Amino acid sequence: MKFNRFVSLLVLVLFVASLLAACAPAATPTAAPKSEKLKVFGAFATPIEEPWDGVIHAALIKAREEGKIDYEYTENIGYSGDMERILREVAEQKKPDIIFGDAFGNEEAVRRVAKDFPQIAFVFGSGLGPSDPNLSVFDNWIHEPAYLCGMLAGGLTKTGTIGVVGGYPVPEVNRLVNAFIRGAKEVNPNVKVLVTFINSWFDPAAAKEAALAQIDAGADVLYAERFGVIEAAKEKGLWVFGNMSDQNELAPDLVVSSPVWNMTPTVEYVLSQVKAGVYTAQDLKDFSMVAKGGASLAPFHNTESKLPPDLVAKVREREQQIKEGLFRVDIDENQPQAVN
């Protein structure tokens, strides 16, 4: 009797356990820990030489060289509908653990594909928010070093006029331009800042033409928010500031500095999350700011000896205050005026 009761109880326990297991939510595939090297794919709308995508690519190359990932990429996808097709082909055929890229201009396509492949971590540059369960977003929050570059520009101009050439007047660009303008006006309240948008993410010829027009209007210091402006400054022998990466090599005697975006903190965080099986959709904004090493002021290289020492000291002091949280650069995403 006792044995029969024991068998009956055991059967009952096993039955209840099976019911509980059936009712439990299925584990999200991206939540499984990864024991082998992660497979990462980069999907870039512009050519890699365009600094925005180039920064993401550089961080992924670094991770590959360190032996942390296997990495492949496609560049210059554009904005005419190819992004969705390529992402679907990559997801179905290559089955990567993570896809990094830029969603600007391809937002709906990226989000549709991410939704259909929840087992893949999608990590894309975007001005919008994350989407559960697997689409994280990031952006270049380099307005702090842009402010510092503005301080330098305001102190270097001889004509009292400086120029900025940007891509589109979208919040992500506006906040950099506005920070640059405010930095310039901290040092030189009477400075005039000319702003031109070329309405393209990558058109070096148009950016150069816009810069030359600003030079004709009196600008003697330029901020190359877009690729192509440095070429104009080089032709005219004028001070210029790069953007996104250290672009001093493009004109070593003229590129003073650049607001630098470092994607490595973002990449490292995502890799650790996916590797541990705890990846979730997030806004990764903080990893692109000065406090976490995602933004910085590029070295002055051989231009430093030509800069006024008191100006450099003032900029370095402000830079340290930003790092220590003692000075906050306001985020202003309104479109700046053509003349400020």
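**Figure 1. The lining of the largest cavity holds six nonpolar, two polar and seven charged residues.** The model is predicted, and local features therefore require a pLDDT of at least 70 and side-chain atom pairs a pLDDT of 80 or more, whereas totals for chains, interfaces and linings draw on all residues. Residues are numbered from 1 along each chain as its sequence is written, and side-chain values use heavy atoms, without hydrogens or water. In the residue classes, Ala, Val, Leu, Ile, Met, Phe, Trp, Tyr, Cys and Pro are nonpolar, Asp, Glu, Lys and Arg are charged, and the others, including Gly, are polar. One cavity of 30 Å³ or more is found in a search of the whole structure, and the space in the largest cavity amounts to about 150 Å³. Of the 15 residues that line the largest cavity, Glu50, Trp52, Phe104, Trp201 and Arg226 lie nearest its centre. Two or more lining residues come from each of α2 and α6 (171-187). On a 1 Å grid over the protein atoms alone, a cavity is a set of points where a 1.4 Å probe fits but cannot get out, a pocket is an open set with protein on both sides within 12 Å along at least five of seven lines, and lining residues have an atom within 4 Å of a point. Volumes are the space filled by probe spheres set on points joined across faces, edges and corners.

**Figure 2. The largest pocket has a volume of about 320 Å³.** Among the 17 residues that line this pocket, Pro51, Gly54, Val55, Ala58 and Ser245 are the closest to its centre. Helix α2 (residues 51-65) gives the largest share of the lining, five residues, and by class the lining consists of nine nonpolar, five polar and three charged residues. Helices (H or I, at least four residues) and strands (E, at least two) are DSSP runs numbered from the N terminus, and the protein chain has ten helices and eleven strands.

**Figure 3. The second largest pocket encloses about 220 Å³ of space.** It is lined by 13 residues, with Glu144, Met289, Phe327, Arg328 and Val329 the closest to its centre. Helices α5 (143-156) and α10 (309-323) each supply at least two residues of this lining, which by class holds seven nonpolar, two polar and four charged residues.

**Figure 4. Helix α9 (residues 264-276) carries buried residues that pack against β1 (38-43), α2, β2 (69-74), β3 (98-102) and β4 (121-125).** The buried residues are Thr264, Pro265, Thr266, Val267, Val270, Leu271, Gln273 and Val274, where buried means under 20% relative accessible area, exposed over 50%, and partly exposed in between (1.4 Å probe, protein chains only). From its first C-alpha to its last, the 13-residue helix reaches 18 Å, close to the 18 Å expected at 1.5 Å a residue, a span taken as 1.5 Å times one less than the number of residues. Gly277, with a positive phi near 75 degrees, follows α9.

**Figure 5. Loop residues with notable backbone angles include Asn76, whose phi is positive, near 55 degrees, although Asn76 is not a glycine.** Asn76 sits in the loop between β2 and α3 (82-94) and counts as exposed because its relative accessibility is 51%. His301, likewise not a glycine, has a positive phi of about 55 degrees; His301 lies in the loop between β11 (295-297) and α10, and is partly exposed at a relative accessible area of 40%. A cis peptide bond, with omega about 5 degrees, joins Asp132 and Pro133, and Pro133 lies in the loop between β4 and β5 (135-138).

Conventions
Contact = heavy atoms within 4.5 Å.
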